[in-house]
Amino acid sequence: MTPPTPPPVPGLTAERISVRYGPVTALSEVTLTFPPGQVTALLGENGAGKSTLLRVLTGDRRPTAGRLLLDGRPLALPSPTEARRSGIRLIPQEPEIIPHVSVAENVYAGALPHGAGRRLDRAELRRRTAADLARIGFDRALDPDLMGRHLTPAQRQLVEILRALTGEPKVIAFDEPTSSLSEQESAALFALIGRLRDQGVAVVYVSHRMREVFRLADRIAVLRDGGLVGLLDGAGATEREVVRLMVGRDLSGLSTRQRTAPGPVVLDVRGVTTDDVHDIGLQVRAGEVVALAGLVGAGRSELALALAGDRPIRSGTLALAGRALRLRSPRDAIAAGIGLAPEERKAQALLLTRSIRANTALVSHRTLRRWRFVRAGREKALAREYADLLRVRAHSIEQPVSALSGGNQQKVVLARWLARKPALLILDEPTRGVDIGAKTEIHRIVADLARTGTAVLLISSELPEVLALADRVLVLRDGRITGELDRTEATEERILALAMTDGTEPAGTETDDTDPDDTKTDRRAA
């Protein structure tokens, strides 16, 4: 008697998927199913293969071996367009926005409603977009008529989410979706994911934020070095177990940076006012890490840009190592000894089509020149030195940075400034979109910088990171400093109390309804 044919496996299945780039194996025989009505978290260090697997699932990369199945049927995806037709959507970490059209046109690009004479029906387009925003809880965060070029990082992310939800998706993959969202927007997103799960959508969730993963995931799949090393039940897994699978070692020993006696004042800001911040006064000493905390729109990143010469200072004074500065451009700041690793690494820091070598040496050409020419040998040696120091995962220093994972791109930005050796280094969200292993390495780099006398001004929306690294915490609200906390008195509750008040309440004010497990400062809208 012929045995009965087993029923098809519902959902999207990657079956023995391998991807190779020349001699490099990015994925090795990965078999994983994403069932409908469940959230599957996909975790791994940067370079573990998460992005490659997402590209295969969404038609952006054909596998070298293996196949995809949708509800048990073989699925060929020659392009992302075909994946979209099949109901598979990706919300990328770096949104792709058309700058010269509205939010509504960005959301419905390729499916715009037309009226008589094939003219764009703008009223219907706006009505649809407004209804979509209200349905998913983002109607207060986004105006359908706002032009793409004026969107903040958070709003750009929301546009990508709206795009993915048009039509009838069967599978939605979220790649670091909260990296630019505020606390309120993140909560709305989590509620949306819950509704999608209840509706039978298969959700793939990629994040380096463990709290989010354990809040949302039904299943946790862990990749390491291109292979699937674990598939855990979300309810029964522990963070230590997941981290050990991700990095192949125990990182439970992570601790607060050891404090050292600070040296002389390096950065001295007095009464600085720009178009975004007002009457800012602060100091950062040699060997000291000072953190800027605050809610969305507090002005942290805008202050950083002003200190780096990228925003005009309307009044007040700025001095570096006792020497008054007048910054007319980022070139002036670099020459003075100020470095900035900005939040938007792709848009603001990296030359994506250029190599690791070129990006690392970008601000060090003066020391690499002989006469008017950069000495290629010294440039290569410099890039190799810092790529090795920061453990950048790449085929060679000639690899374009566009081909690197987000964490390795961030390491290239840091390598650039380590090679320059600035007196003051401003780090804006240095571990955004970075896995826990790379985050540990970046924390080590920050500690090493402080130990060797560099003054560090840190901006982070992760309060545990602030508390682990900072000697002092300055809290901003509406472009003004509302309080300062020494590391011995700083807590998440005290920082949030200062961030949500006008500074008239004492720093020790704590709210009874604050859950320490859910507290982190919101990202700014820059």
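**Figure 1. Ala321 is an exposed loop residue with positive phi.** At 60% relative accessibility, Ala321 counts as exposed (exposed means over 50% relative accessible area, buried under 20%, and partly exposed in between, with a 1.4 Å probe and protein chains only). This is a predicted model, where local features need pLDDT of at least 70, side-chain atom pairs count only at pLDDT 80 or more, and totals for chains, interfaces and linings use all residues. Residues are numbered from 1 along each chain as its sequence is written, and side-chain values use heavy atoms, with hydrogens and water left out. Ala321 lies in the loop between strand 14 (315-320) and strand 15 (323-325). Helices (H or I, at least four residues) and strands (E, at least two) are DSSP runs, numbered from the N terminus. Phi of Ala321 is near 55 degrees, a positive value in a residue other than glycine.

**Figure 2. Asp279 sits in a loop between two strands.** The flanking elements are strand 11 (265-273) and strand 12 (280-285). Phi of Asp279 is near 50 degrees, positive although the residue is not glycine. Asp279 is exposed, with a relative accessible area of 55%.

**Figure 3. Ser364 is a buried loop residue.** Ser364 falls in the loop between helix 12 (356-360) and helix 13 (365-368). Its relative accessibility is 4%, so Ser364 counts as buried. Leaving aside neighbours within four places in sequence, Ser364 is in contact (heavy atoms within 4.5 Å) with Leu382, Arg416, Ala419 and Arg420.

**Figure 4. Helix 5 (residues 153-165) is mostly covered.** Of its 13 residues, 12 are buried. Among them are Pro153, Leu158, Val159, Ile161 and Leu165. Polar names also appear in the buried set, including Gln155, Gln157, Glu160 and Arg163. The buried residues pack against helix 2 (80-85), strand 6 (88-91), helix 3 (103-107), helix 4 (122-136), strand 7 (171-175) and helix 6 (183-198). How far apart are the end C-alpha atoms of helix 5? They are 19 Å apart, which agrees with the 18 Å that 13 residues should span at 1.5 Å a residue (the expected span is 1.5 Å times one less than the number of residues). Just after helix 5, Gly167 takes a positive phi of about 85 degrees.

**Figure 5. The largest nonpolar core holds 48 residues.** A nonpolar core is a set of buried Ala, Val, Leu, Ile, Met, Phe, Trp, Tyr and Cys residues joined through side-chain atoms within 4.5 Å. Leu390, Val392, Val412, Leu427, Val446, Val473 and Ile495 touch the most other members. Helix 15 (residues 406-420) gives the most to this core, with seven residues. Not counting residues up to four places away in sequence, Val473 touches Ala291, Ala293, Val466, Gly483, Glu484, Leu485, Ala490 and Ile495. A second, separate core of 33 residues includes Ile97, Val159, Leu189 and Phe190.

**Figure 6. Four strands form an open sheet with antiparallel pairing.** The strand order is 2-1-4-5. Two strands pair if DSSP finds at least two bridges between them. Strand 2 (24-34) and strand 5 (73-75) stand at the edges with a single partner strand each, so one side of each lacks a neighbour in the sheet. Neighbouring strands are turned by 30 degrees against each other on average, direction ignored. Strand 1 (residues 12-21) and strand 2 pair over seven bridges. Arg20 has Thr25 in strand 2 as its bridge partner. Helix 1 (residues 50-57) packs on the sheet, touching strand 1, strand 2 and strand 4 (65-70). The direction of helix 1 makes about 120 degrees with that of strand 1 (axes are lines fitted to C-alpha atoms, for helices over the stretch in contact, and angles run from 0 to 180 degrees between N-to-C directions).
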